[in-house]
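Hi there,

Here is the structure I promised to pass on. Please open it alongside this note and have a look around before reading on.

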Amino acid sequence: MTASIQIQRTPDVQYLLRVGDTCLILGQRLAEWCGHGPVLEEDIALTNMALDLVGQARAVLTHAGKLAGPLDDQKLDEDQLAFLRDEHDFFNITMVELPGGPKDGDFAFTVLRNAMVATLLKLLWERLIDSKDLELAGIAGKAVKEARYHQQHAADWVVRLGDGTAESRRRMEAALATLWRYSEEWFQADAVDDHAHATGLGPRWADLRPTWTSEMNAILEDATLSAPKASAFRSTGKHGVHSEHMGFILATMQSLQRSFPGGVW
Amino acid sequence: MSLQVAEDLLVRQAWEVLSTVLDPEVPALSVRDLGIVRDVLIDERGMEIILTPTYSGCPATEVIEQDVLSAIAAAGLGAARVTLRRAPAWTTDWISEDGKRKLFEYGIAPPGPVLDGGAVPIRFMARQVAAPRLICPQCKSQNTERLSAFGATACKALYRCLACKEPFEHFKPI
């Protein structure tokens, strides 16, 4: 087994890793659908989106790795960050680590999560284009185009299932009841966001809330669904405190690199 | 021959070589047709070729880097390196007219122009998507429809022709 790496938990590093890890873990979850999609077109769609998300994660982790080394002059690369960090050093939002694949979830859960997260990421990338961090701005310029396509595709499915058959609607309502409360976490202000806002690295996620809510409500309205009432529940993934599912996803994702250190394709 | 003239010649030769490097996933197009070669520069370390990747996760990017370097080396143009430049982001508007024609002849419906700022109006309920009318690369009919928003590679969607009944791929405008 390869020992875990340590990172510097500065506000900049945490802000970047919230974005990069959210893309990485959702990409990993969507990849679970490879070969298991309900129809061939959606199998291809989910894995194409996984590919985009992993690509975005690679770019952000590579960039974060320049700042995240435990010693000031030490850089970490994308693979070290993805495969050799322990759970508490991942800062993805909790929603993306929830199981929702073909074995333990369903397609309604997956497309609703995709719609919610793609809407968030689209709004985030749109703002990150103006980041003072020019590398991050460059990554955002590409990623925003991909996120728009993901949002549109996922939203189409939310509408189709919500305003579909009794069974598809039942599943979509169940997904909404489970997932909606996990969006509260995203918009809780904290020192990492304040620092990013103050230094021009990126927006406070809380500032994205009004637009996110109105876009999601438009989707849900078309789907003849309505958003559940606000909940007091707060997940904490973006602070490095994860659900019980995170360890399992990391075990799958990291096993090859831990067992065969430095292995490459 | 002055140094400047020699450098200009080298750059011109490099562009010619790059016209022969094909995209591994869409071999109808060269990397120049695709518009991902943004610049060829010469400095004291040799030649620097600036590439802009198409999609964040496109697995062809690394293959293209290697193919470009191999082709430059095979042409004997000296030391070369590839630099990836992300901004401004690649757009299908950079595919040359020649490239779009080659795509069509290869059987892939080329992308139309990207809308203002790349923003695609979000339309929900898109079961019968108001997607642009594409011309079937096989029979040239305009009676076509989208089968799948995603295709065999990140850059493509899948369509079918209702006239000749053949499926075909479309290079998505982005």
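Below is what I found in it, going from the core to the chain contacts and then to two spots in chain B.

Some housekeeping comes before that. This is a predicted model, in which local features need pLDDT of at least 70 and side-chain atom pairs count only at pLDDT 80 or more, while totals for chains, interfaces and linings use all residues. Residues are numbered from 1 along each chain as its sequence is written, with chains lettered from A and ligands numbered from 1 in the order in which they are written.

The core

The largest nonpolar core (buried Ala, Val, Leu, Ile, Met, Phe, Trp, Tyr and Cys residues joined through C-beta atoms within 7 Å) has 119 residues. Helix 4 of chain A, residues 107–128, gives the largest share, 15 residues. Domain 1 (3–90) and domain 2 (97–171) of chain B each provide at least three residues; these bounds come from an automatic or database domain assignment. Val158(A) is among the residues with the most contacts inside the core. Leaving aside neighbours within four places in sequence, Val158(A) is in contact (C-beta atoms, placed from the backbone, within 7 Å) with Val111(A), Leu112(A), Ala115(A), Met172(A), Ile219(A) and Ala223(A).

Where the chains meet

Between the chains, 28 residues of chain A are in contact with 22 residues of chain B. On the chain A side, the largest share, 16 residues, comes from helix 5. Helices here are DSSP runs of H or I with at least four residues, and strands are runs of E with at least two, numbered from the N terminus.

Helix 1 of chain B

This helix covers residues 3–18, and its end C-alpha atoms are 22 Å apart, which agrees with the 22 Å expected for 16 residues at 1.5 Å a residue; the expected span is 1.5 Å times one less than the number of residues. Its buried residues (20 or more other C-beta atoms within 10 Å; exposed means 12 or fewer, partly exposed in between, with C-beta atoms placed from the backbone) are Ala14(B), Val17(B) and Leu18(B). Seen down the axis, they fall within an arc of 95 degrees, so they line one face of the helix; the arc is taken over directions from the axis to the C-beta atoms. The face turned away carries exposed residues, including Arg12(B) and Trp15(B).

Leu84(B)

Leu84(B) is in strand 3 of chain B, residues 80–84. Leu84(B) is partly exposed, with 15 other C-beta atoms within 10 Å.

Best wishes

Note on methods: Contact = placed C-beta atoms within 7 Å.
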